[in-house]
Amino acid sequence: MAEIKVESIRSLDDFILNTARFEVPKSESWGRRLKANLIYYQTNYFILFAVVFLLMGLLRPTQVLVGMVATLGAGFLLHYLSERPGYTEKIRQNHPLLCLLGITGVVYLILGYFFLLAIILPLLIIFLHASMRLRNLQNKMANQAEKAGIKKSPMGILLEELGLAFELLDD
């Protein structure tokens, strides 16, 4: 198995400034371009995500904090309840309105504050950049090495786990 290697940070000039070329993708090449850019610029995208997330946290700390607590609380609660299946059935049968209000409240806190604000915005920026940024020769070479299995990257592994292997995007 190939060694996992984190890609280097691409220059700001290559990422978004002078040498960067952008174009609305054609439908037949969009998948390849998206995956190629996600792999080639992965370190830049991780940094971009962190910066936007932190910026949103600085601009709206209460909302992001409430959303994070709600998300963590919901995760712990789901784990706790999954360990006690009979207990959950009793609560749902005896207190249906309470369950509905609890689920609605948690979903509102997660989606209304944390998720839409601090997660979706950086993902949308990354998705738009990866979709519209034209690939250059270095990008194509780096992706061929990933495709051939010579090297592995965290983004390549993530995309594989999501079922987006190169073969699926090679039309």
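Ser29 is partly exposed in this predicted model, with a relative accessible area of 22%. Since the buried class ends under 20%, the value for Ser29 belongs to the partly exposed class. Ser29 sits in the loop that links α1 (12–15) to α2. Along the chain, Ser29 and Ser131 are 102 residues apart, yet 9.8 Å separates their C-alpha atoms.

Such pairings fit a broader pattern in the contacts. Of the contacts in the protein with a separation of 6 or more, 83% join residues 24 or more positions apart. The secondary structure consists of nine helices and zero strands, so that, read from the N terminus, the order of elements is α-α-α-α-α-α-α-α-α. Of the 171 residues in the protein, 33% are buried.

A good place to look next is the nonpolar interior. The largest nonpolar core holds 19 residues, and Leu38 and Tyr45 have the most contacts inside it. Two or more residues of this core come from each of α2 (30–40), α3 (42–59), α6 (96–132) and α8 (154–161). Beyond its neighbours within four places in sequence, Tyr45 touches Phe15, Asn37, Leu38, Ile126, His129 and Ala130. Tyr45 and Leu38, the two residues with the most contacts inside the core, are thus also in contact with each other.

Helix α3, which carries Tyr45, deserves a closer look. With 18 residues at 1.5 Å a residue, α3 should span 26 Å, and the 25 Å between its end C-alpha atoms agrees with that expectation. The buried residues of α3 are Gln42, Thr43, Asn44, Tyr45, Leu48, Val52, Phe53 and Met56. In an α-helix there are 3.6 residues a turn, so residues three or four places apart point the same way. Among the buried residues of α3, Tyr45, Leu48, Val52 and Met56 can be followed along the helix in this light.

The packing of α3 against its neighbour in sequence comes next. Two packed helices are described by the angle and the distance between their axes. For α3 and helix α4 (residues 61–82), the axes come within 5 Å and cross at roughly 115°. That angle makes the two helices, α3 and α4, roughly perpendicular. On the α3 side, the contact involves Phe53, Met56, Gly57, Leu58 and Leu59, while α4 contributes Pro61, Val64 and Met68. By character, the residues of this contact divide into seven nonpolar, one polar and no charged. Phe53 and Met56, both part of the contact with α4, are also on the list of buried residues in α3.

Helix α6 meets α3 too, and two of its isoleucines help to show how. Ile125 lies in α6 and, at 34% relative accessibility, counts as partly exposed. Outside its neighbours within four places in sequence, Ile125 is in contact with Leu48 and Val52, and both of these partners are buried residues of α3. Ile125 and Phe49 stand 76 residues apart in sequence, with 8.7 Å from C-alpha to C-alpha. Ile119 also belongs to α6, but its relative accessibility of 15% places Ile119 in the buried class. From Ile119 to Ala50 the C-alpha distance is 9.8 Å, across a sequence separation of 69 residues.

Definitions and conventions: Residues numbered from 1 in each chain as written. Predicted model: local features only at pLDDT ≥ 70, side-chain atom pairs only at ≥ 80, totals over all residues. Heavy atoms only, no water. Core = buried A, V, L, I, M, F, W, Y, C linked by side-chain atoms within 4.5 Å. Buried < 20%, exposed > 50% of the residue type's maximum accessible area, 1.4 Å probe, protein only. Helix = DSSP H or I, 4+ residues; strand = E, 2+ residues; numbered from the N terminus. Contact = heavy atoms within 4.5 Å. Expected span 1.5 Å × (residues − 1). Axes fitted to C-alpha atoms, helices over the stretch in contact; angles between N-to-C directions. Parallel < 35°, antiparallel > 145°, perpendicular 65-115°, else oblique. Nonpolar A, V, L, I, M, F, W, Y, C, P; charged D, E, K, R; others polar.
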